[in-house]
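Here is a small set of exercises to work through with the model open beside you. Try each task first, then follow the solution step by step.

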Amino acid sequence: MEQQTNPELELARRFVVETSQNLFLTGKAGTGKTTFLRDLGRTLLKAHAICAPTGVAAINAGGVTLHSLFHLPLAPVAIDYQHAQHLSPQEQLAHIGMQPFRKEKQRILQRLELLIIDEVSMLRADYLDAVDLVLRAVRRSWTPFGGVQLLLIGDLYQLPPVVTPQDEPILQAHYDSPYFFSSHALHQAGYLSVELQTVYRQQDDRFLSLLNSIREGNMGPEVIRELNRRYTGPGGQRKKGHILLTTHNQKADTINSQELHALDTPLISYEATVEGDFAERNFPTDQTLTLREGAQVMLIRNDKQAQKRYFNGKIGTATELTPSRITVTFDDGMEVRIEPETWENVRYTLNPQTKTVEKEILGTFTQYPIRLAWAITIHKSQGLTFDEVEIDGQAAFAAGQIYVALSRCRTLEGIALTTRLDPRAVQTDGRIVAHSRDARRDAPTAQQLEQARAAYEAQLLSSLFDYAEPARLATSIVNVLKGDELAASHANHQRLRSVESTLHSLEGHMQRFRQQLRTLLAHNPSIGSNETLQDRVASATSYVLDLLDDGLLEQLTPSRVDRKNETLAARLQELKERISEKHECSIACANGFTIERYTKARALARMGEHPHATGRSAESLADTLIQKLEQWREQKAQEIAQQTGDPIRPGQILNRAALYALAEHAPTTLDGLRSIPRLPSETLRTHGMELLELIQREQADFEQAAQHTHEQGPGTETKPPRAKSYLHTLELLRQGRTPETIARERGITDKTIANHICRLLRESRISIDELLTADDIATLRTDFELYPEAPLSERIRRHPRFTYGQLQWVRTAFSYPVISRW
């Protein structure tokens, strides 16, 4: 499925990844909803949970049921939202009889950023409102769903929610319909709908038109006549390879049993291995799988091998059975030995080390991925694809059942009806039709995407400089000291009081800075092109990094005394993790804020990977330089303080952003040093040559160590230092690769490659003529000379066919000045 060329799928992906907008992803059967969910889950950087209304749907989606994650009650959740407005979220939970959550579950839900609900057509409105109440209460928020983004996936024209006669009057008193879109919380939160248009399962326009008519309830006489031409009569004429879709389990089980016992080959049984917690109602196939050679079977998993010999729903015949082997032969004559598969029952937990939301396997079910396939229920066929199918829709009892059954087949010619279709059996709820019509009319646009992206980017930018929660946590730590005489020793009390004071002071500064950001965004909401804002962000991150690196992180490490008080130690650890996350995100955004940089740094920090943490082993030249530059600036601060009598912070001499840029680029000339962003002009003037000597000395030592390791040959325990990244870029350029190709192959950003090339130009390892044509060079040189004071953003507007990197190369090659506004 070429999803990269599908505009609706790409639009949906960008809304999920690049915004905080709630989204309903829908579409006809076979439009790729399941594939989209599977692919999305592999790449998401947001902390997310995948849920479904039923156990079987949750297992298929690789997630958990909503009831298990949110402890939803089985009874209807009757919420009077007018009355509920006057209650706190915690009081609302008590109002509907729900109990407080355990701390571990609270932490999971507090970390959640995105909630994905698959097969949402089966989700009732009251249960979605209950999810809202849980998230508001646990996250201490009045925002709908506690500020968690929703991705709702499903087709409302397929299977509906279950509403018992006892539940119906209760729901009618509070909701316009039982469907999820009648949720009060969802109305308050707002959401957009993306409808997938490309059907991958069927290719015949005539059949697609018939299916669409049934789906939307446009059942004219000509549609009924066309479908009833597929009537072949009741059972007894079943063709090999056909599967019967029926409405009730009992009928499907009876047909399978009769057909199996009609064979005269020996019975062989295969027992599943069930370990841990895996409820019988969620078994994907029989615990005791009983087969005979000649039995018609269906595969219920996709083939994991590269050949993709079978797929979920493919029909075949069991042709060779031994106690340890099952071989299935398909209509094309291909024989495949089937191997057992394992299904997992999972729950979401919080990793105590990394504090990330992870899946914990509660139990497993291991069995051959096979089911007897003379008949299955329409409900169990959802999500499957067949080449040939028989349909018994006489006892259809729910809206959408006939549509689900018909849409399982690839072609109209592959369908055989065992009973004639009665228009009354093809039920479509008018409320679904109206909702779908309105959603189609209000389909999101590219402009809405950009607006939502800008809002999300502004939200993340604000959160980067939001220290209210760390400050609150620091105060709670100090309060714990008041009740612990041992922990409240003089030194401990001073240390933690100092941390509290520092964080509250920092939050005061950041609160004012966030107001500045709002003002700047009001004038230019495009963060990427807002140079004034980016300069302010760079200055603020330097300020924050200097403060955090000035001993604050070390003060948060629990001491031996702290660890004797479990509450104190736990809160200190939590505060340290939050500050470490802020630290990593600040470093990543020190030279420019983007959604991608921020979310990647945050994800890495939450997984426990802190690439810029102090105290790392010297694995590379950059690592060594970070340590040496930190020592150098501390020494300089002491020398200046002794000379002048006035204390000075190391960050005033070399701020954290400039320090990391120096370590990454390792300039060896004054021009290279001048190109380092945020390097204080006074430091450049007074200590520039000293910095260059330090870098050159460490570079020579590093290269000598690398040569020594190389000469030792294999067998030595010393690992060779990593080669310089920019020289690897040079090697690839010499091989004829483009900068874009190099970035893609190495898995690093275009900007990093552009910086490598700038350094190569400064060191005369490469010429600008090797990168750009003579005409392009002349065009850009003219622009630099006509507008010497213009920043790069203005030049890119005049010459949109060039990239920022290409402008930087020309500026570097001809030593044009760097225009900075900070």
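The exercises below go from the whole chain to a sheet, a parallel strand, a helix pair and two single residues.

**Before you start**

This is a predicted model, in which local features need pLDDT of at least 70 and side-chain atom pairs count only at pLDDT 80 or more, while totals for chains, interfaces and linings use all residues. Residues are numbered from 1 along each chain as its sequence is written, and side-chain values use heavy atoms, with hydrogens and water left out.

**Exercise 1. The chain as a whole**

Task: find how many helices and strands the chain has, and what share of its residues is buried.

Solution:
- Step 1. Start with secondary structure, where helices (H or I, at least four residues) and strands (E, at least two) are DSSP runs numbered from the N terminus. The chain has 33 helices and 20 strands.
- Step 2. Turn to burial: buried means under 20% relative accessible area, exposed over 50%, and partly exposed in between (1.4 Å probe, protein chains only). Of the 822 residues in the chain, 52% are buried.
- Step 3. Look at contacts, meaning heavy atoms within 4.5 Å. Among contacts in the chain with a separation of 6 or more, 72% are between residues 24 or more positions apart.

**Exercise 2. An open sheet**

Task: work out the order of the five strands in the open sheet, and say which strands stand at its edges.

Solution:
- Step 1. Recall that strands of a sheet pair through backbone hydrogen bonds, either parallel or antiparallel. Here two strands pair if DSSP finds at least two bridges between them.
- Step 2. Read off the order, which is S14-S13-S12-S11-S17, with antiparallel pairing. S14 (335-338) and S17 (370-372) are the edge strands; each has a single partner strand, so one side of each is left without a neighbour in the sheet. From one strand to the next, the twist averages 45 degrees.
- Step 3. Follow S12 (residues 315-322) into S13: five bridges join this antiparallel pair, and a hairpin connects the two strands through two residues. Thr-322 is opposite Arg-325 in S13.
- Step 4. Continue from S13 (residues 325-329) to S14, an antiparallel pair with four bridges. Val-328 faces Val-336 in S14, and Ile-326 stands opposite Ile-338 in S14. The hairpin of S13 and S14 has five residues between the strands, and there Gly-333 takes a positive phi near 90 degrees.
- Step 5. Check the cover on S13: four of its five residues are buried.

**Exercise 3. A strand with parallel partners**

Task: for strand S7, find which residues point one way and which the other way.

Solution:
- Step 1. In S7 (residues 243-246), Ile-243 and Leu-245 point one way, Leu-244 and Thr-246 point the other way, and all are buried.
- Step 2. S7 runs parallel to S19 (residues 389-391), with three bridges joining them. Leu-245 has Ile-391 as its bridge partner in S19.
- Step 3. S7 also pairs in the parallel sense with S18 (residues 375-377), over three bridges. Leu-244 is opposite Ala-375 in S18.

**Exercise 4. Two helices that meet**

Task: describe how H31 and H33 cross, and list the residues that meet.

Solution:
- Step 1. Two packed helices are described by the angle between their axes and the distance between the axes. Axes are lines fitted to C-alpha atoms, for helices over the stretch in contact, and angles run from 0 to 180 degrees between N-to-C directions.
- Step 2. The axes of H31 (residues 774-786) and H33 (residues 804-813) come within 10 Å and cross at roughly 70 degrees. That makes H31 roughly perpendicular to H33 (angles under 35 degrees count as roughly parallel, over 145 as roughly antiparallel, 65 to 115 as roughly perpendicular and the rest as oblique).
- Step 3. Leu-780, Arg-781 and Phe-784 in H31 meet Gln-806, Leu-807, Val-810 and Arg-811 in H33.

**Exercise 5. Two single residues**

Task: decide whether Arg-514 and Ser-182 are buried or exposed.

Solution:
- Step 1. Arg-514, found in H18 (residues 490-523), is buried, with a relative accessible area of 9%.
- Step 2. The side chains of Arg-514 and Glu-507 make a polar contact (2.8 Å); this is a pair of N or O atoms within 3.5 Å, where within protein one must be able to donate a hydrogen and the other to accept it, and residues adjacent in sequence count only if both atoms are side-chain atoms.
- Step 3. Ser-182, in the loop between H9 (168-174) and H10 (184-189), is buried, with a relative accessible area of 8%.
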